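Trainee: Could we go through this model together, one question at a time?

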Amino acid sequence: MNPMDILKAKASWDRFQAAHPKFPAFLKAVSGAVGENSVIEISITTEDGKQIASNLKITAEDLQLFQELKTLKEMI
């Protein structure tokens, strides 16, 4: 990965956090609560009111990916 792309992604994440401060706080709060067999449900409400939802059951492999992403974030 290009180092400039990493810097751009970091800047984008910083802007996202500033615009949506509750979301990073939510991620931090749930990071210790999500374990194997936890279920994450995602719901989107479009601007016209349509709701779309899905869920996924967390596996050991998913937890490993989350840890790798957390380590990557700390390096940036």
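Trainee: In which helix is Leu69 found?
Mentor: This is a predicted model, where local features need pLDDT of at least 70, side-chain atom pairs count only at pLDDT 80 or more, and totals for chains, interfaces and linings use all residues. Residues are numbered from 1 along each chain as its sequence is written, and side-chain values use heavy atoms, with hydrogens and water left out. With helices (H or I, at least four residues) and strands (E, at least two) taken as DSSP runs numbered from the N terminus, Leu69 belongs to helix H3.

Trainee: Does Leu69 count as buried, partly exposed or exposed?
Mentor: The classes are set by relative accessible area with a 1.4 Å probe and protein chains only: buried is under 20%, exposed is over 50%, and partly exposed is in between. Since the relative accessibility of Leu69 is 47%, this residue counts as partly exposed.

Trainee: How much accessible area does the nonpolar patch with Leu69 have together?
Mentor: Leu69 is joined in this surface patch by Leu65, Phe66, Leu72 and Met75. A nonpolar patch links side chains of Val, Leu, Ile, Met, Phe, Trp or Tyr within 5 Å, for residues with over 30% relative accessible area and no salt bridge. The accessible area of the five residues together is about 500 Å².

Trainee: How far apart in space are Gln51 and Leu69?
Mentor: Gln51 lies in strand S2, and its relative accessibility of 60% makes it exposed. In sequence, 18 residues separate Gln51 from Leu69. From C-alpha to C-alpha, their separation in space is 29 Å.

Trainee: And how far apart in space are Gly49 and Thr59?
Mentor: Gly49 sits in the loop between S1 and strand S2 (51-57). With a relative accessible area of 46%, Gly49 is partly exposed. Gly49 and Thr59 are ten residues apart in sequence, and their C-alpha to C-alpha distance is 32 Å.

Trainee: Which residue has a positive phi although it is not a glycine?
Mentor: The residue belongs to the loop between H2 and S1. Its phi is about 75 degrees, and the residue is Asn37.

Trainee: Which side chains meet in a salt bridge?
Mentor: A salt bridge requires a side-chain nitrogen of Lys or Arg within 4 Å of a carboxyl oxygen of Asp or Glu, and by this rule the count comes to one. Here the N to O distance is 3.0 Å. The partners are four residues apart in helix H1, so about one helical turn separates them. The side chains are those of Lys10 and Asp14.

Trainee: What is the relative accessibility at which Asp14 counts as partly exposed?
Mentor: Its partner Lys10 is partly exposed, at 31% relative accessibility. Asp14 counts as partly exposed too, because its relative accessibility is 33%.

How values were computed. Patch = residues over 30% accessible without salt bridge, like charges linked within 9 Å, V, L, I, M, F, W, Y side chains within 5 Å. Areas by Shrake-Rupley, 256 points an atom, 1.4 Å probe, with all protein chains shown as cover.
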